[in-house]
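Please look over the structure shown here, and then follow the explanation below from its sheet and helices to its charged pairs.

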Amino acid sequence: MIVTLGLTWIVVPFQVKLDGGVGSANPPSRVVHIRSLPHEVAETDIVQLGMPFGKMTNVLVLKQKNQAFLEFMDESAAINMCTYYQTNPAQVRLKPCYVQFSNHKELKTDASHSFQNTNAQAALQAAQAVQGGGGDDQQQNTILRVIVDNVGYPVTLEVLHQLFSRYGKVLKIITFTKNNTFQALIQFSDTISATTAKVSLDNQNIYNGCNTLKIDYSKLTNLNVKYNNDKSRDFTRPDLPSGDPALDQAMQMGGAPGMMASPFAAVPGFGTLSPAAVNAAAIQGGGVPMPGFGMANPGAFGAARLGMSMAAQAGTSVLLVSNLDEEKVTPDALFTLFGVYGDVHRVKILFNKKDNALIQMADPHQAQLALTYLDKVRVWGKNIRVAQSRHAVVQMPKEGQPDAGLTRDYVNSPLHRFKRPGSKNCQNIFPPSAVLHLSNIPPSVTEDQIQSWFSDYGAVKGFKFFQKDRKMALIQMSSVDEAIHALIGMHNSQIGENSHLRVSFSKSTI
């Protein structure tokens, strides 16, 4: 039997001889066990592995263990899958993985996995639609047309990419405004990912109570993207120009490729929102659950507390930092300092102008916080300037391009402070101050040791352990400038066999 999945042809044998179980020490079972998966694996990836072999009835992904289970309706389908991948090693997102029979005869999931169950059912429903055909040619399309209704908060191309990438590989995105409505065309690498995204996200809200997605299949078969900017992006062609001559010239001189102003100027409803309006939007139900997606609650990083307009927050996630000390600045130092106010994804110190740097935050809200708190702050004896950049992405240097280690990617860094939704760090964001909050202090470390370490960055004026928790302490430097240097130098420093110090600014006094 020959079946087709996207553009890949796979030959699957009808009958298989078993000799003590195929691809596993376990006897044949309807449930297949897949191991050594990449951390970013999704239900759609597992369903695509099993699609050529028969109808699937359940899928369970255990991301923390890098494993998954796939249940077929018939045991013969599972046998065919294990046999095929025994001689043709399976890959998920370019990473080799191992396929074998499970010792489970069926998969049982409970209510505690409700969100995962929703993803699993969407992926299985999409697979059935693709396998069954149903006479609808549009269901074989890889391009979705997305309309955003009831707009309450800005939706950027980056937001769409992060949201839709949960369901498969996104190749291209084109955004535009038609009849005063924000729309997008999103092209996936395969039909099942596109179908799963449609099934999962159609009529869902990006934010609580607003930004409703209306999704159908496009009649187009391929998106022709000419420019990588804030309105369009070809993720397979990072070399495309931005479409702006001045910006393209800056890219050739060692700057980062980027995007022009926000595309939302023509979209109604993006005026200034009062803190009350922000809170009202946040408490309405119905938002799409997005683990690790900091924009699920636009007020999470203090937008309501700061009273910022949502229009101001609609800008880029990239900041331009200038007036830096060329002799002292490093990507790691900027990652640590700006990481106090959001998760830093990339840092580029400009090769031809090393007192300038581009810093890409996880989203525009975090970028706005960093700008608010760090603009004109004194760092290494100079008042730095922080402004929104016209760029929307910081690109890694191309092979052979001079860089000297001035560009670094921190997307997968374990040191992000805000990667967990609802983290207490979100409620403890303060402007730079002379008093620093220390945590994760092991019992063996003494006050004298801590004061000695921090004295390398200036004069220590005060210190005290927390009475109820000696793992935490406050330390006061003689100036805000010295406290900033101490935070950059001491945050995440190893102070015990398995302990790394955490340092942040405090609103408390000693």
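A residue is called buried when its relative accessible area is under 20%, exposed when that area is over 50%, and partly exposed in between. This wording will return below, and it should be kept in mind that the model is predicted.

A good place to begin is the open sheet of five strands, which follow one another in the order E4-E5-E3-E7-E6 with antiparallel pairing. Its edges are strand E4 (56–62) and strand E6 (90–92), each of which pairs on one side only. E4 and strand E5 (residues 67–72) are joined in the antiparallel sense over six bridges, and within this pairing Met56 stands opposite Phe72 in E5.

Helices accompany this sheet. Helix H1 (residues 43–50) packs on it, and its direction makes about 135 degrees with that of E4, while H2 lies across E3, E5, E6 and E7, running at about 140 degrees to E7. Helix H2 (residues 75–87) reaches 19 Å from its first C-alpha to its last, close to the 18 Å expected, and its buried residues include Ala77, Ile79, Met81 and Tyr84.

Turning to charged side chains, the structure holds eight salt bridges. In one of them, Arg408 is joined to Asp332, with the closest N and O atoms 2.7 Å apart; this pair links distant parts of the chain, since Arg408 belongs to strand E20 (residues 407–409) and Asp332 to helix H10 (residues 331–338), 76 residues apart. Arg408 has a relative accessible area of 36% and is therefore partly exposed, and Asp332, with 38%, is partly exposed as well.

How values were computed: Residues are numbered from 1 along each chain as its sequence is written. This is a predicted model: local features need pLDDT of at least 70, side-chain atom pairs count only at pLDDT 80 or more; totals for chains, interfaces and linings use all residues. Side-chain values use heavy atoms; hydrogens and water are left out. Helices (H or I, at least four residues) and strands (E, at least two) are DSSP runs, numbered from the N terminus. The expected span of a helix is 1.5 Å times one less than its number of residues. Buried means under 20% relative accessible area, exposed over 50%, partly exposed in between (1.4 Å probe, protein chains only). Two strands pair if DSSP finds at least two bridges between them. Contact means heavy atoms within 4.5 Å. Axes are lines fitted to C-alpha atoms, for helices over the stretch in contact, and angles run from 0 to 180 degrees between N-to-C directions. A salt bridge is a side-chain nitrogen of Lys or Arg within 4 Å of a carboxyl oxygen of Asp or Glu.
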